[in-house]
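Thanks for coming. I will go through one structure today, starting with a term and then moving from one edge of a sheet to the helices and the core.

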Amino acid sequence: MTGHIVAMGGGGFSKEPDNLALDRYVLSLARRERPAVCFLPTASGDASDYIVKYYASFTTLPCTPTHLSLFRLPDADLSAFVLAQDVLYVGGGNTRSMLAVWREWGLVEILRRALEAGVVLAGTSAGANCWFAQAVTNAVPGQMTAAKGLGFLEGSHCPHYSNQPARRPGYHRLIQAGEIGPGYGTDDGAALHFADGDLVGVVCSRPEAQGHRVEVIDGDIVEHCLPRTLLEN
């Protein structure tokens with residue numbers, strides 16, 4: 001799979017409106033100096049306050065922002081609209097529900113074509129989970145369960161890794177039980193940058209944020225903190 005994917009554990013404009021370092025980093029990867037950026041708020045059910053926050057932040061950045069709603073009538077030519085973007089930025093919310101809606105609309109293949117065409121794919125929380133083969137989600141209240149992602153990236157992903165108490169142990173349990181493969185735990189304020197399917201860097205908007213490689217070796221969970229770069233606000 002070619003192109004850039006940026007997977008954020010949490011944060012970005014919706015949580016850090018005064019620190020848009022991660023969002024600026026995403027824009028820096030685009031093929032144009034002033035990129036067309038489309039926000040996909042599907043995982044939140046196209047929550048209006050989320051969309052308002054997006055425009056409030058991205059109208060201050062060097063880009064042309066728009067958004068795609070799948071809970072209201074979308075553009076008549078969905079494929080042409082998506083492929084005309086330079087960056088697709090997916091918001092957080094319910095991973096399972098988002099993926100089900102995308103599959104119903106035939107958006108998965110369009111996203112694959114977009115990535116191969118050079119469109120930057122990015123997102124936070126559910127918007128990071130979706131790119132991996134598997135992901136940890138709390139779509140079922142009170143439970144950490146495995147969800148099948150799009151498979152644009154190999155392995156699994158757990159957002160909010162060090163920030164929500166149930167995330168880290170839930171991810172460990174799923175890996176040890178064989179319900180999910182090894183992968184990455186990403187803190188709020190941290191982002192994994194993949195190019196052509198390979199991890200090429202971890203960038204952070206907060207000093208304490210980390211990206212972690214998580215796997216099982218001889219039956220035990222082993223974590224590795226990945227080298228990271230702290231971005232300037």
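When I say strand, I mean a DSSP run of E with at least two residues, numbered from the N terminus. With that in hand, H224 is found in strand β13. Please keep in mind that this is a predicted model.

Let me stay with H224. Is H224 buried or exposed? Neither label applies: the relative accessible area is 37%, so H224 counts as partly exposed, between the 20% and 50% cut-offs. Leaving out residues up to four places away in sequence, H224 touches G211, H212, R213 and E215. The C-alpha atoms of H224 and R213 are 5.1 Å apart, with the two positions 11 residues apart in sequence numbering.

Now the sheet that holds this strand. It is open, has 6 strands and mixed pairing, and runs in the order β7-β6-β8-β9-β12-β13. Which are the edge strands? They are β7 and β13, each of which pairs on one side only. On average, neighbouring strands here are turned by 30 degrees against each other, direction ignored.

Moving to the β7 edge: β6, residues 132–137, pairs with β7 in the antiparallel sense, over 4 bridges. In that pairing, Q134 has K148 of β7 as its bridge partner, and T137 stands opposite T145 of β7. The side chains of β7, residues 145–148, alternate. T145 and A147 point to one face and are buried, whereas A146 and K148 point to the other and are not buried.

Next, the helices. Helix α4, residues 95–105, lies across β6 and β7 and runs at about 15 degrees to β7. For a helix pair, the description is the angle between the axes and the distance between the axes. How do α4 and α5 score on those two? Their axes come within 5 Å and cross at roughly 90 degrees. That falls in the 65 to 115 range, so α4 is roughly perpendicular to α5. On the α4 side the contact uses W102, R103 and W105, and on the α5 side L107, V108 and L111. Sorted by class, this contact has 5 nonpolar residues, no polar ones and 1 charged one.

W102 appears again in the core. The largest nonpolar core has 40 residues, and V82, L88, W102, L107 and W131 touch the most other members. Helix α5, residues 107–116, gives the most to this core, with 6 residues. Apart from this core lies another, of 26 residues, including L22, A30, Y89 and V203. As background, nonpolar side chains in soluble globular proteins tend to be buried together. What does W102 contact, leaving aside neighbours within four places in sequence? The list is L40, T42, L70, V90, L107, V108, L111, C130, W131 and L150.

Last, two backbone points. Most residues other than glycine have a negative phi. S125 has a positive phi, near 60 degrees, and D218 has one of about 55 degrees. S125 is in the loop between β5 (120–124) and α6 (126–129). D218 is in the loop between β12 (211–217) and β13 (220–225). On accessibility, S125 is at 12%, under the 20% cut-off, and therefore counts as buried. D218 is at 77%, over the 50% cut-off, and is therefore exposed.

That is where I will stop.

Key
Residues numbered from 1 in each chain as written. Predicted model: local features only at pLDDT ≥ 70, side-chain atom pairs only at ≥ 80, totals over all residues. Heavy atoms only, no water. Core = buried A, V, L, I, M, F, W, Y, C linked by side-chain atoms within 4.5 Å. Buried < 20%, exposed > 50% of the residue type's maximum accessible area, 1.4 Å probe, protein only. Contact = heavy atoms within 4.5 Å. Pairing = 2+ DSSP bridges. Axes fitted to C-alpha atoms, helices over the stretch in contact; angles between N-to-C directions. Parallel < 35°, antiparallel > 145°, perpendicular 65-115°, else oblique. Nonpolar A, V, L, I, M, F, W, Y, C, P; charged D, E, K, R; others polar.
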